[in-house]
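Let's take a walk through this model together. Please have the sequence and the 3D view open as you read.

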Amino acid sequence: MTTIATTENPTIGNAQNAAAVTAQPVQSAHSAQSAQSVESARSAGPAGSASSAQSVGTTQFAETAMPTQFNEQARFANLQALHDADRTLVMGVLNITADSFSDGGLWLDPQKAAKHGADMMADGADIIDIGAESTRPGAQRIDAETEKQRVLGAVKALLPQGAVLSIDTTRASVAQAALEAGAQIINDVSGGQLDPDMARVVRDHDCLYIMQHWRGWLAGSHSGTPDQDTSYYEHGVLADVTAEMRRQLDALTSQGVDIRRIITDPGLGFSKPTPDHNMPLLAGLDQIKALGCPVLIGQSRKRFINGMLQELPWREAANDALHQADLDNATAAISALCAEHGAWAVRVHDVRRSVAAVRMGAVWRQATQELAR
């Protein structure tokens, strides 16, 4: 196997299954984007249209021999093809943490982490999202060097297997090290607000950037709900979240981040503890897409899903394994709905269930579009 390295004309993932994508003229990722060009990019319509794909950087990645048992769906010829994917992707969660809310401690061992990542690829994951610091309510921060070493270990183990890698970090130093090691996406739950150097790192490296809606760390409340202090939405959760995300986008583009490299994420569960906080964002997915960027949904095993399942007749007697199965089944149902409404990707722990669910949602979406013709 060959490791992924930056070249002039290779593909992301398996070159034999590469999507047919025409390379666009290269635009320097180092140049700051003027306010006029940002507005022009937005007026071109949602990312993915032909007009929005013009004059963007096309850093590509060297051909990698991918084992045949891994995902045989079409791969991506370059970053823009990944950004403009015409189907809903599945992002598998790889938490290399001691205290994540769902699977903390399971994948701390480097060999176990590498195997779990490979297993998710075999189950059909398009992207592996590597996180080395828990962002659950009340989680304690780890030092930057520990986070960096955990992330780089997983990157080096999974790149030779053809993985498209996203790095779940709020630290610019970790993001830069991972990108230089070959990662292609930065997934920042703070949306660029926690580390003032993050925008520079993203601007200066040809990568995709996932900008999540964020109001602060989920801790510090004097009540029983960790994020109650940040979960009040004066004009309704959908209106306030979209307005705040628009300001986050403006802040990033004003620092030179190309809007055509940005994925948005409404941040389900972050300052949104209840179903009443999260369901309007799912139902209002089209309004979030109207910001002009593809949308990632991270619903997997979140507490708002657990809250909606409490009245199931078997929940009280169910053991932990059955509780988790319920959460994964509900997560997959939301994945299907997200695919039906054209989300860019879903971020999930149980990849296989959501791969099947996304397939069904995509078929439903296609049938609906054909009926509308």
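The paragraphs below go through a few helices, one residue contact and the cysteines.

A word on the ground rules: this is a predicted model, in which local features need pLDDT of at least 70 and side-chain atom pairs count only at pLDDT 80 or more, while totals for chains, interfaces and linings use all residues. Residues are numbered from 1 along each chain as its sequence is written, and side-chain values use heavy atoms, with hydrogens and water left out.

Let's begin with helix 4, residues 144-158, which is home to K148. Helices here are DSSP runs (H or I, at least four residues), numbered from the N terminus. K148 has a partner further along the chain: V174 is 26 residues apart from K148 in sequence, yet their C-alpha atoms are 5.2 Å apart in space. Leaving out residues up to four places away in sequence, K148 touches S173, V174 and A177, where contact means heavy atoms within 4.5 Å.

Next comes helix 7, which covers residues 237-254. The expected span of a helix is 1.5 Å times one less than its number of residues. The 18 residues of helix 7 should therefore span 26 Å, and the end C-alpha atoms are indeed 26 Å apart. Among the buried residues of helix 7 are V237, V241, M245, L249 and L252; buried means under 20% relative accessible area, with a 1.4 Å probe and protein chains only, whereas exposed is over 50% and partly exposed is in between. After helix 7 comes G256, with a positive phi near 95 degrees.

Now look at helix 11, residues 320-340, where T331 sits. T331 counts as buried because its relative accessibility is 2%. Apart from neighbours within four places in sequence, T331 is in contact with Q299, S300, R301, I305, V348 and S354.

Helix 11 also packs against helix 12, residues 351-372, at an angle of about 30 degrees with the axes 7 Å apart. That angle makes the two helices roughly parallel, a label for angles under 35 degrees. The residues that make the contact include A325, T331 and A336 of helix 11, together with S354, G361 and W364 of helix 12.

Finally, how many disulfides does a search of the whole structure find? The search finds zero, taking a disulfide as a pair of cysteine sulfur atoms within 2.5 Å. Two cysteines are worth a glance all the same: C207 is buried, with a relative accessible area of 1%, and C293 is buried too, at 2%.

Technical notes. Axes fitted to C-alpha atoms, helices over the stretch in contact; angles between N-to-C directions. Parallel < 35°, antiparallel > 145°, perpendicular 65-115°, else oblique.
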